[in-house]
Structures are given as structure tokens and as C-alpha cells.
There are 2 protein chains.
Amino acid sequence: MSNDVEEFFRDCPGETTDVEKIVQQFIDRQRDSSGQLTRPIVCVTSGGTIVPLEQHCVRFIDNFSGGTRGALSAEQFLLAGYAVIFLNRRHSIQPFTKGFPSGQILDFLTDVLEPDAAPLHGVHVTESASELVSDCVSRAKEAAAQGVLLRIPFETLFEYLQCLRVISAELRPWGRRAAFYLAAAVSDFYIPWSSMVEHKIQSADLGDGLTLTLQKVPKMLGALRSEWAPEAFLISFKLETDDRILISKASKSIARYGVHAVVANILEKRKEVVQLVRPAAVASSGSCQPAANSGACHEASSEGVQVDEILRGKETFIEAPLVSRIVQLHEQYQQEANQ
Amino acid sequence: MSNDVEEFFRDCPGETTDVEKIVQQFIDRQRDSSGQLTRPIVCVTSGGTIVPLEQHCVRFIDNFSGGTRGALSAEQFLLAGYAVIFLNRRHSIQPFTKGFPSGQILDFLTDVLEPDAAPLHGVHVTESASELVSDCVSRAKEAAAQGVLLRIPFETLFEYLQCLRVISAELRPWGRRAAFYLAAAVSDFYIPWSSMVEHKIQSADLGDGLTLTLQKVPKMLGALRSEWAPEAFLISFKLETDDRILISKASKSIARYGVHAVVANILEKRKEVVQLVRPAAVASSGSCQPAANSGACHEASSEGVQVDEILRGKETFIEAPLVSRIVQLHEQYQQEANQ
């Protein structure tokens, strides 16, 4: 492992023993009597990491992300028969809540709950919302009952990367059956724990302004790909606001870290269209096959990569055609190992 | 208005015309046929402001705050007969949700909802959760029906301060009947809109690290107290992690900005105990009267101020004795004007 990655983890606060146990137990539940996995496992990361500015954290830098993409993608992987480790920012959007109004539990409840005339139950869901709620709740309960969804919450960059490393180590023995779908918005910059002030930064001490000096976070994608879980299928994400640099930045992730595909997003258009960027050599082995009546794709070459454009089309959420394509590519990747 | 405050608002993005109309309509609903207010009005602010680092905002600095104190305090003011303008961080905790498990709507729903055997309603709340949910929902619906709770969401520091200024201007004509209870965690530092980069900051451009230079936010407490709504009863908040500096910092807010009281919190203990810091002169006019069996108070003098210690005691939430004391002080303040 490179020195800066080692140094990062040496400096991290906290322990990860509990996460290790939970992930081991989850993977064990996916094994049949001969010890083999009954289904592929994907680690979906979701939501933004925070970077504390003080050890007793009052202020922090956050990355914009509600976690919608991660949550909806996790649902799609479950539908496709995967076991899902959902590494998510605490209180970000969860799978099976997409039909609910965003965020405000009380607005939702005052809209859908009403006192029941019958004395047996005090409160029930209004008839109009009943089908929607029933569907979401029953799908969530089904996933819980089957034991195919493991939710692990994080808040800080430190927690996120520590958990990701633990999950990688546990998935490593499963080779190409494992996949990583890194939709979380991870900070590129941070203040190392050991050089962070202990207490809240005092404005009075600072004259006219505050100067923060942040270090670059070591590139963990490279470590994941080359050392933590070298055979796992690895999908990373790139979010930009300027579409002139998007594809070239995605191409660099492929060239530098060897990821199998990059989902490239423009902030404002990300719910309608994404670009799936892959190394040209790998892309040639799988032709683009959009599902009938949903999604679409368009291939274009740029800097030694192949670009599929994935459109929401007639689907409610773009995550349906996107994950469908990823699953297809992951299947090809597993088959290639047997050839 | 001081130059730096004027400069801040000149540089703010966005408009506040809609907020102005909504607040005017809300205040009008609190007036009787002779035009007088039927009840006092308090503006409760809640949750943390964000400071964008880019105009197309991907990264931002946030202040730690779930909004529990503001939400629970708003409930207490409603119970005490106030009309409440609840200026809150979007998706922060709302009044009348304190009984709900924090945050995760799906966990809550899968815990409390179950399919109904009777075909009439598809989903109902489990019997065990029914009383709690019923109580919260009915109180929220009652406040909505009475028109005594106005919720205004904000996200950025810019939106928060623009809204606060609009609300102040609308409450100004009501003199001492109006109060401000500023529980929001407001950033002390920011990057002015006009000097902010447009697109996401690129790590590749930055060498080894990122240096952010933030300016101090002009002190709006002084502007609110002396110009925006000079007669309104003004409560500010101070949160520290280091208890050696808490009271002296609260005292400075009183000396510098003339606030009527400061609720001084230590991050780790804030749900059990707060210090209510007031100017010594005002404090002498009102003796501390803790409610029987709940809360407690203890007076001590420090740097020309009077300090009441307010304890949660046997109450479920410390906001009950805290707001009870604030309401008492606000009543005295209104009576003093008639003497």
C-alpha cells in the first residue's frame, strides 16, 4: 500500500471491529451449504462524506448529495438478485422510500394518517396513499426478511474510508462475484485528525477572516483496485458542473486507477442523462443493448475510452436503465474469467 | 445600517419578495377586528446555515445542528399561546415530531405500519405506536388549522439572513409584543457570492492542498437589535465545546449587541443544562421562579451579568423549563413598557 494511504489510516480516529463482524455475518448469510455465494454481492456507497474542522465537531465541510442515486440503485441491484451492502451517509435517503415525499416525516404523516372511526386502531393511512405506502413498506420488509440488504451508516470521511476498506477486505475472497458501485460523494480534501484543533474555532482569535488549509485525500480508488479487492468489478462516479471537462476527467479515473467504468454526471442533468465511460478495450466486448422502450444508449469514442449515453427514457428513474447496464457488464466480466 | 451589513446584502443572490408576502399574511391572520395582535409573535430560528464554496454548489461548510432545540422550543411557544414563525433549515427537525424515531422515515414506517386484515384500509399504525403518532399528528393538524405556525425553510447563510431581515421588518411595528429566539447555528464565516468560484473546485489544479479564505459574517445581531426591530425581545444562543470561555462569550454578546438574554450551551451537556445569561440590571427586576418539580435555577454574577442555570429536571425535554422562563421574561419586558 502506498505511504500516503497507510499514513491516512494510521491517523484516523475510531475503530472498525464492529463493522468487520457485521459484514462477515452478512456475507455468511449469502452462502449455501457448500460455502459458495448464492448471489453476487455489490457494495453501493451513497450520500456525502463530511470533513470535520474541529475534533469536537461544530463545523464541517459537506458534499452536496441527498443519496437518491445510491438508494434507487440499491433497489435495482436487489431486484436484479444481488445482495447489497449499502454504505450510506446517516439519515440520507434509503432504499424503498422513493415514493415518499422527501424528508419531512410530519408532512407525510399528516397527509396520509387520519384517526380511525373504529376503536380497534387509532390511526390509519388514508386510502389514497395506502397502495404506495403498502408497496414500499412490504418491499422493505421483504428485503429485511431475506437478509439481502445490509445498511451501514457513516458521517465523516474517516468513517467512510475505514468502512470501505473493511468491506473490501471481506469481499476480496469472492473475486469477480463482488462489485463496488461508488455513488457516494467523497471529499477530495480534509484536515488530518492529528492536526485538527480540539475546540470550536473562535472568530475573535482570527482578525478579519478564517484561512483553512486542507490536504488532498489519498486516492483510495487505486488502493481498492490494486490491493484491497483487485478482482472485484469497480464502478466509480464523477460529478461535475462544467460539462466541458466531464469526459476527460472520467477518462483519467480509468487510466490512473483502472476502474471498470465511470458513471459521469452533470449536476443539473443527472436525473435525465448520465454517460457511462469505459476503457475502449473492455467496451468492445459488450455491445450496448438498451431495454425495449426504456433508456437508450449512444456510443462515442474519446481519449481511448468508450462512452455510452444512458437516458431515463420512459422509466420513472434513470437508475433502472443504468443499473441494468451495469449488471450486464458485471455478468460479462464474470464470464470472461471462465473463458 | 453599518457599511459591512449593507455590503453583505447587496452581494446576496436571490429574492425575498415571496417571503415578505407570506410573513405579512401570517401576521394579518393574528390580528383581531380592531387590527391588534391577538397573541404575541415569536420568530424561532432553527438548524444550521450552510456556506457554499462554489456558486454551482457541490461543496459547502455546514454547522452541526439537527434543529431539535428549535423544534421543541417552537412547540413550547405554541403551547404558551404564541404565534410562531419557524425559520428552519430545510429538512431539519420539525415541531410535533419529537416522539418519532430520528430521521429515518422507513424505519419508522416499517416499525409502526402493518397491513390491515380488513379490506377498508390497506395500512394502519401498529397499536403500540398508535397513541404517540395520533398525539403528534393531531397537535400538528391543530396548529395548522389555527394558523399559528408559519414554517419558512432556508439552506444557505444568505437565505437565512435575508429571511431574518424581512421578518424583522414585518415584526418591527409590533414593538415589544414580538420576540426573536435565535436558536439556529449560523456560520461566522463565509465566501461572498461575488468572489466565489462558479464551478466545482478542481483538485488537479491545486497541487498538494486547498486553501480556503473565508470572511467574517457581519454581526447581524447588532443590526437586528438597533435597527431592524429595536423594541423586539431578543434572545440569542451561544454554543461552545469549551466551558471555560462560555459565560464570558455570552456576556460579550450582551455588552456588544444589547440582546436581552443569551442561552449558553456546552455541546455535550446541552440537553441537560443551559445557562441563561442576562444583563445584571434587567435580571434584578425578575426573580427566578422555577416551576414546581421541574427545572431549577441558580443565579450567579459574572462580569456584570446575571446567570440562571436551567436544568431539565423531571421534564422530558429541557425546552419546557427554558421556554417557560423566556416567556416569563418576555411578559415582564412587555409590562415594563406600560409602567
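## Arginine over tyrosine

In this predicted model, A:Arg176 lies over the face of A:Tyr333, at 4.0 Å from the ring centre. Chain B has an arginine over a ring too: the charged end of B:Arg176 sits over B:Tyr333, 4.0 Å from the centre of that ring.

## Aromatic pairs

Rings meet rings as well, and a count over all chains gives 22 aromatic pairs. Take A:Phe8 and A:Phe9: their ring centres are 5.4 Å apart and their planes stand at 85°, so this pair is edge-to-face. The cut-off behind that label is an angle over 60 degrees. As for solvent, A:Phe8 is buried, and A:Phe9 is buried too.

Over in chain B, B:Phe158 and B:Tyr190 also make an edge-to-face pair, with 6.1 Å from centre to centre and 75° between the planes. What does this pair tie together? B:Phe158 belongs to helix 6 (residues 157-171) of chain B, while B:Tyr190 belongs to strand 9 (residues 189-190) of chain B, so the contact links parts that are 32 residues apart in sequence. Both B:Phe158 and B:Tyr190 are buried.

Back in chain A, there's a whole cluster to look at. A:Phe8 and A:Phe9 join A:Phe158, A:Tyr190, A:Trp193 and A:Trp228 in one aromatic cluster.

## Chain A overall

Zooming out, chain A has 10 helices and 15 strands. It runs to 339 residues, and 56% of them count as buried. Its accessible surface comes to about 14600 Å², with 48% of that belonging to carbon and sulfur atoms.

Now for contacts in chain A between residues at least 6 apart in sequence: 73% of these join residues at least 24 apart.

## Cysteines without partners

How many disulfides does a search of the whole structure find? The search comes back with 0 over all chains. Why is A:Cys12 not bonded to the closest cysteine? The closest cysteine sulfur, in A:Cys163, is 10 Å from the sulfur of A:Cys12, and that is too far for a bond. For scale, a disulfide needs the two sulfur atoms within 2.5 Å. A:Cys12 is buried, with a relative accessible area of 11%.

In chain B, B:Cys163 is in no disulfide either, and the nearest cysteine sulfur, that of B:Cys43, is 9.3 Å away. Is B:Cys163 buried or exposed? Its relative accessibility is 5%, so B:Cys163 counts as buried, given that buried means under 20%.

Note on methods: Residues numbered from 1 in each chain as written. Chains lettered and ligands numbered in written order. Predicted model: local features only at pLDDT ≥ 70, side-chain atom pairs only at ≥ 80, totals over all residues. Heavy atoms only, no water. Phe/Tyr/Trp six-rings, centres within 6.5 Å; stacked < 30°, edge-to-face > 60°. Buried < 20%, exposed > 50% of the residue type's maximum accessible area, 1.4 Å probe, protein only. Helix = DSSP H or I, 4+ residues; strand = E, 2+ residues; numbered from the N terminus. Lys NZ or Arg CZ within 6 Å of the ring centre and 35° of its normal. Contact = heavy atoms within 4.5 Å. Areas by Shrake-Rupley, 256 points an atom, 1.4 Å probe, with all protein chains shown as cover.
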